[in-house]
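New notebook page today. I want to get my bearings in a structure I have not looked at before, starting with one helix and working outwards.

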Amino acid sequence: MTTTTTTTTLPLPATHTRRTGFREALAYEWIKFRSVRSTVWTTAATAVLPVVGAVFIAASGSLQPDDTVLGGSLTLTVVAQMLAAVVGALVASGEYSSGTIRTTFAACPRRGTVLAAKATLVAGVMYILALASCTAAYLVGDAMLAEGRYAQGEPLPALFGIAASFAVAAVLGLAVGFLVRHSAGAVTTVIGLLLLPSLFGPLFGDAERWVAGLSPTAALEKLTQTSDAAAEAVGSLGPWPSLLLVAACTTALTLGALVLLRRRDA
């Protein structure tokens, strides 16, 4: 007699049959982003500040004679950009402070996917908000300022570059957040990265145009065409080359954060 043995194969759990991909990770990050008060309120302040600044500057008439309507209306975008960088830092470092980073990596073990999802989210949110907010600020300033008293400036395509500088600043903050892994330290570090190149650039002689132009703030001031964007303060590179240089440096820092993210324990 021949005995036949039947083997029953149990279905694998869903975690084994389907890996969490980029789309799921992005959706997960969006839920967390809008659930954390600190990021929501900081993001809201980032969006509101340029318009508030435009109203204040136009109402007080505190523009320089050689300033433009665009530059004057977007005076507070420098502060708003810093807040965008803070948002990026909090998105990464906040999870380490609360311990939820372990849950994130358990849901999506591929850490590169987690970093890509977070970077896409903060860059996309900040780009859209900055474009809408800065456009509104320019329109408000243009409506409130006396016609013909100041040069208009060239809002297009500058407004798209300004929005891009916010996105770059947010990704820079995210990279710093993963590197530092502490909210207060990450916020302090990223603000220093935004400000220090312009402060110390003049000390480097012929290399000043490169050092001072390394900050997203420098690229932003050039794009807004403010009279404060002197070469000795923000470097002598043009606005678009400066933005590309900043984006390249931010990309390099983000890749460095990815390397450490894969090597470190959560």
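**Entry 1: helix H11.** This is a predicted model, and I keep that in mind throughout. I began with the buried residues of H11, and wrote down Pro 216, Thr 217, Ala 218, Ala 219, Leu 220, Glu 221, Lys 222 and Leu 223. The helix covers residues 216–223, and eight of its eight residues are buried, which makes H11 mostly covered. I noticed that Glu 221 and Lys 222 are on that buried list too.

Next I checked the two ends. At the start of H11, Ser 215 has a side-chain oxygen that comes to within 3.0 Å of the backbone nitrogen of Thr 217. Just after the helix, Gln 225 has a positive phi of about 60 degrees.

**Entry 2: Thr 77.** What does Thr 77 touch, leaving out residues up to four places away in sequence? I found Pro 50, Cys 134, Phe 166, Leu 220 and Thr 224. Leu 220 takes me back to H11, where it is one of the buried residues. Thr 77 itself belongs to helix H5, residues 77–98. Is Thr 77 buried or exposed? Its relative accessible area is 1%, so it counts as buried, the cut-off being under 20%.

**Entry 3: Ser 73.** A little earlier in the chain I stopped at Ser 73, in helix H4 (residues 69–73). Its relative accessibility is 1%, so Ser 73 is buried. I looked for a partner for its side chain and found the backbone oxygen of Val 69, at 2.7 Å. As a reminder to myself, an α-helix has 3.6 residues a turn, so residues three or four places apart point the same way.

Setting aside neighbours within four places in sequence, I listed the contacts of Ser 73 as Pro 50, Gly 53, Ala 54, Ala 137, Tyr 138, Gly 141 and Asp 142. Pro 50 rang a bell, as it is also among the residues that Thr 77 touches.

**Entry 4: stepping back.** I then looked at the whole protein. I counted 13 helices and zero strands. The C-alpha trace spans about 105 × 40 × 30 Å along its principal axes. Of the 266 residues, 45% count as buried. For contacts with a separation of 6 or more, 79% join residues 24 or more positions apart.

Last came the surface and the charges. The protein exposes about 13500 Å², with carbon and sulfur atoms supplying 65% of it. I noted 17 positive and 14 negative side chains, and the centres of the two sets lie 22 Å apart.

How values were computed. Residues numbered from 1 in each chain as written. Predicted model: local features only at pLDDT ≥ 70, side-chain atom pairs only at ≥ 80, totals over all residues. Heavy atoms only, no water. Buried < 20%, exposed > 50% of the residue type's maximum accessible area, 1.4 Å probe, protein only. Helix = DSSP H or I, 4+ residues; strand = E, 2+ residues; numbered from the N terminus. Polar contact = N/O pair within 3.5 Å; in protein donor to acceptor, adjacent residues only side chain to side chain. Contact = heavy atoms within 4.5 Å. Areas by Shrake-Rupley, 256 points an atom, 1.4 Å probe, with all protein chains shown as cover. Lys, Arg positive; Asp, Glu negative; His and termini not counted. Charge placed at Lys NZ, Arg CZ, Asp CG, Glu CD.
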